[in-house]
Amino acid sequence: MSDVVRWGAFGCALVPLVLLASGASWAGAAGTAAGLAALTCACRALLRRSERTAARKRTRDTGRHRDKRGRSGVAARRGGRHSEGRTPVD
């Protein structure tokens with residue numbers, strides 16, 4: 001996540017400089033910088049919330065093994081057609 005925030009901060013600094021170099025006003029560049037900073041903060045907050053939710057879900061689901069049909073418990077741990085070590089007879 002820190003890489004995302006670093007790139008956001010880099011963008012917040014670079015875009016106003018490019019605007020100033022291309023002839024935009026100081027007020028316009030400052031407003032753009034403020035808007036980008038607000039957007040970066042909002043994205044960071046949403047990213048942190050998403051990570052916390054995913055971590056909470058992982059800890060809640062730990063220990064519950066589910067098979068591809070959604071069954072849990074003993075039914076999910078049973079093997080396929082030849083689960084008892086038997087092999088098909090040719």
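Residues count as buried under 20% relative accessible area, exposed over 50% and partly exposed in between, with a 1.4 Å probe and protein chains only. The model is predicted: local features need pLDDT of at least 70, side-chain atom pairs count only at pLDDT 80 or more, and totals for chains, interfaces and linings use all residues. Numbering starts from 1 along each chain as its sequence is written, and side-chain values use heavy atoms, leaving out hydrogens and water.

**View 1. Overall layout of the protein chain.**
The chain holds 3 helices and 0 strands. Helices (H or I, at least four residues) and strands (E, at least two) are DSSP runs, numbered from the N terminus. The order of elements from the N terminus is α-α-α. Helix α1 covers residues 2-21. Helix α2 covers residues 26-61. Among the 90 residues, 7% count as buried.

**View 2. The salt bridge between Asp3 and Arg6.**
The side chains of Asp3 and Arg6 meet at 3.0 Å, N to O, in a salt bridge. Such a bridge needs a side-chain nitrogen of Lys or Arg within 4 Å of a carboxyl oxygen of Asp or Glu. The whole structure yields 1 salt bridge. Both Asp3 and Arg6 belong to helix α1. They sit 3 residues apart, about one turn of the helix. Asp3 counts as partly exposed because its relative accessibility is 48%. Arg6 has 54% relative accessibility, so Arg6 counts as exposed.

**View 3. The aromatic pair in helix α1.**
The whole structure contains 1 aromatic pair. Trp7 and Phe10 make this pair, edge-to-face, at 5.6 Å centre to centre and with 90 degrees between the planes. Rings of Phe, Tyr and Trp (its six-membered ring) pair if their centres lie within 6.5 Å; planes under 30 degrees apart are stacked, over 60 edge-to-face, and the rest tilted. Trp7 and Phe10 are 3 residues apart in helix α1, so about one helical turn separates them. Trp7 is exposed, at 63% relative accessible area. Phe10 is partly exposed, at 45%.

**View 4. The nonpolar surface patch.**
Trp7 and Phe10 also join Leu14 and Val18 in a nonpolar patch on the surface. Together the four residues have about 450 Å² of accessible area. Areas come from the Shrake-Rupley method with a 1.4 Å probe; for residues, only the protein chains shown count as cover. Patch members have over 30% relative accessible area and no salt bridge; nonpolar side chains (Val, Leu, Ile, Met, Phe, Trp, Tyr) are joined within 5 Å, like charges within 9 Å. Val18 lies in helix α1.

**View 5. The positive surface patch.**
Arg44, Arg48, Arg49, Arg52 and Arg56 form a positive patch on the surface. Lys and Arg count as positive, Asp and Glu as negative; His and the chain ends are not counted. Each charge is placed at NZ of Lys, CZ of Arg, CG of Asp or CD of Glu. Arg49 is in helix α2. Arg49 is exposed, with 56% relative accessible area. Arg44 also has its place in helix α2. Arg44 counts as partly exposed, because its relative accessibility is 37%. Ser2 is 42 residues from Arg44 in sequence, with 9.2 Å between them in space, C-alpha to C-alpha.

**View 6. Val15 with Ala29, and Leu20 with Ala30.**
Val15 belongs to helix α1. Val15 is partly exposed, at 34% relative accessible area. Along the chain, 14 residues separate Val15 from Ala29; their C-alpha atoms are 7.9 Å apart. Ala30 is part of helix α2. With 46% relative accessibility, Ala30 counts as partly exposed. Leu20 and Ala30 are 10 residues apart in sequence. In space, C-alpha to C-alpha, Leu20 and Ala30 are 9.7 Å apart.
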